[in-house]
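Could you walk me through reading cysteines and a ligand site in a model? I would like the general idea each time, and then the case at hand.

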Amino acid sequence: MSSFIPGFNDTLNSKAQFYLELAGQCAALLQGQRNLVTNTANVSSLVYHSLLETPTREGKPVNWAGFYLLDPKQPGTLALGPFQGKPACTHIAFGKGVCGTAASTAESVVVKDVSEFPGHISCDAASKSEIVVPLKAPGSGAVQGVFDVDASVVDAFDDFDRIGLEAIVGMVAEASDF
Ligand code: SME
C-alpha cells in the first residue's frame, strides 16, 4: 500500500517515530513519581513543547495543552489542572464542550474545526481545532479527567495524534495515584 503513495511511508514513519520518542521521554519523567499534579504538569509541558518543535507538525502549531481533572467538590465537573498556554476556562461540566463530551463518553474526541462542534467552549479565540483524550483510572476505567490539546489551524490532528496521545495519557494514569 505505502509504496503506491510517494512519501506516505516517510510521513507514517516520522509521526510514529515522534510519538515513540515522546513516549520514551514521558516514561522518564514519570519514573518513580505518583503525584497526579506533578505528573500532569510535567507531561503537559513535555507534550506542548514537543508538538510545537517537531518538524512532523509543520504548519499545524498547537496553542494550548493541558489537563482538566475531576473536581472532588463538584461531582460531574472538571476543574482546570496543569496546562501550557493562555489562561483557560476553569470548570467544565460532563457532557459540555469537547472536554465534557470526552469525559462523559470516556472516548477521545478529534475536532477538525471547532466552529462546527455544537457547544464548543471557546477559552482562546485562536483555537481552531482540538483533540481531547480521557484520563481513565487503570482497572476501573473510571474517568478521572481529560487531556486537551488545541491548535490555531483547522484540521491539525489525525488518528496518529489520537493513538499517540492516548498512549501517553495512559502512561500518566498508570503512573499516578487518584
Ligand atoms: N475548548 C474546550 C474547552 C477547554 S479550552 O480549549 C482550553 C471545550 O470545548 O471543551
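The dialogue below takes the cysteines and then the ligand site of this predicted model.

Q: How many disulfides does a search of the whole structure find?
A: The general idea is to look for a pair of cysteine sulfur atoms within 2.5 Å. Here the search of the whole structure turns up one disulfide. Its partners are Cys89 and Cys123, with an S to S distance of 2.0 Å.

Q: Which parts of the chain does that pair tie together?
A: Cys89 sits in the loop between strand 2 (77–85) and strand 3 (91–93), and Cys123 in the loop between strand 4 (109–111) and strand 5 (129–136), so the disulfide links parts that are 34 residues apart in sequence.

Q: Is the disulfide of Cys89 and Cys123 left-handed or right-handed?
A: Look at the torsion about the S-S bond. For this pair the torsion is about -120 degrees, so the disulfide is left-handed.

Q: Is Cys123 buried, partly exposed or exposed?
A: Relative accessible area decides this: buried means under 20%, and exposed means over 50%. Cys123 has 33% relative accessibility, so Cys123 counts as partly exposed.

Q: Why does Cys26 have no bond to the closest cysteine sulfur?
A: Distance is the thing to check. The closest cysteine sulfur to that of Cys26 belongs to Cys99 and is 19 Å away, which is too far for a bond. Cys26 is also buried, at a relative accessible area of 1%.

Q: And what is the nearest cysteine sulfur to Cys99?
A: That of Cys123, 7.4 Å away, and Cys99 is in no disulfide. With a relative accessible area of 4%, Cys99 is buried.

Q: Which residues come nearest to the ligand?
A: Start with the residues around the ligand, then pick out the nearest. There are 13 around it, and Val98, Cys99, Ile121, Glu130 and Asp150 come nearest.

Q: Where are polar atoms paired with the ligand?
A: Check backbone and side chain separately. A backbone N or O atom of Cys99 is 2.9 Å from a ligand oxygen atom, and one of Ile121 is 2.6 Å from a ligand nitrogen atom. From the side chain of Asp148, a polar atom lies 3.2 Å from an oxygen atom of the ligand.

Q: How much of the ligand does the protein bury?
A: Compare the ligand alone with the ligand in place. Alone it exposes 300 Å², and the protein buries 99% of that. The ligand sits in the largest cavity.

Q: Which elements give two or more residues to the shell around the ligand?
A: They are strand 1 (62–70), helix 3 (97–105) and strand 6 (143–151). Helix 3 gives the largest share, three residues.

Methods: Residues are numbered from 1 along each chain as its sequence is written. This is a predicted model: local features need pLDDT of at least 70, side-chain atom pairs count only at pLDDT 80 or more; totals for chains, interfaces and linings use all residues. Side-chain values use heavy atoms; hydrogens and water are left out. Helices (H or I, at least four residues) and strands (E, at least two) are DSSP runs, numbered from the N terminus. Buried means under 20% relative accessible area, exposed over 50%, partly exposed in between (1.4 Å probe, protein chains only). A residue is near a molecule or strand if one of its heavy atoms lies within 4 Å of it. A polar contact is a pair of N or O atoms within 3.5 Å; within protein, one must be able to donate a hydrogen and the other to accept it, and residues adjacent in sequence count only if both atoms are side-chain atoms. Accessible areas come from the Shrake-Rupley method with a 1.4 Å probe; for residues, only the protein chains shown count as cover. On a 1 Å grid over the protein atoms alone, a cavity is a set of points where a 1.4 Å probe fits but cannot get out, and a pocket is an open set with protein on both sides within 12 Å along at least five of seven lines; lining residues have an atom within 4 Å of a point. A molecule sits in a cavity or pocket if more than half of its atoms lie within 2 Å of its grid points.
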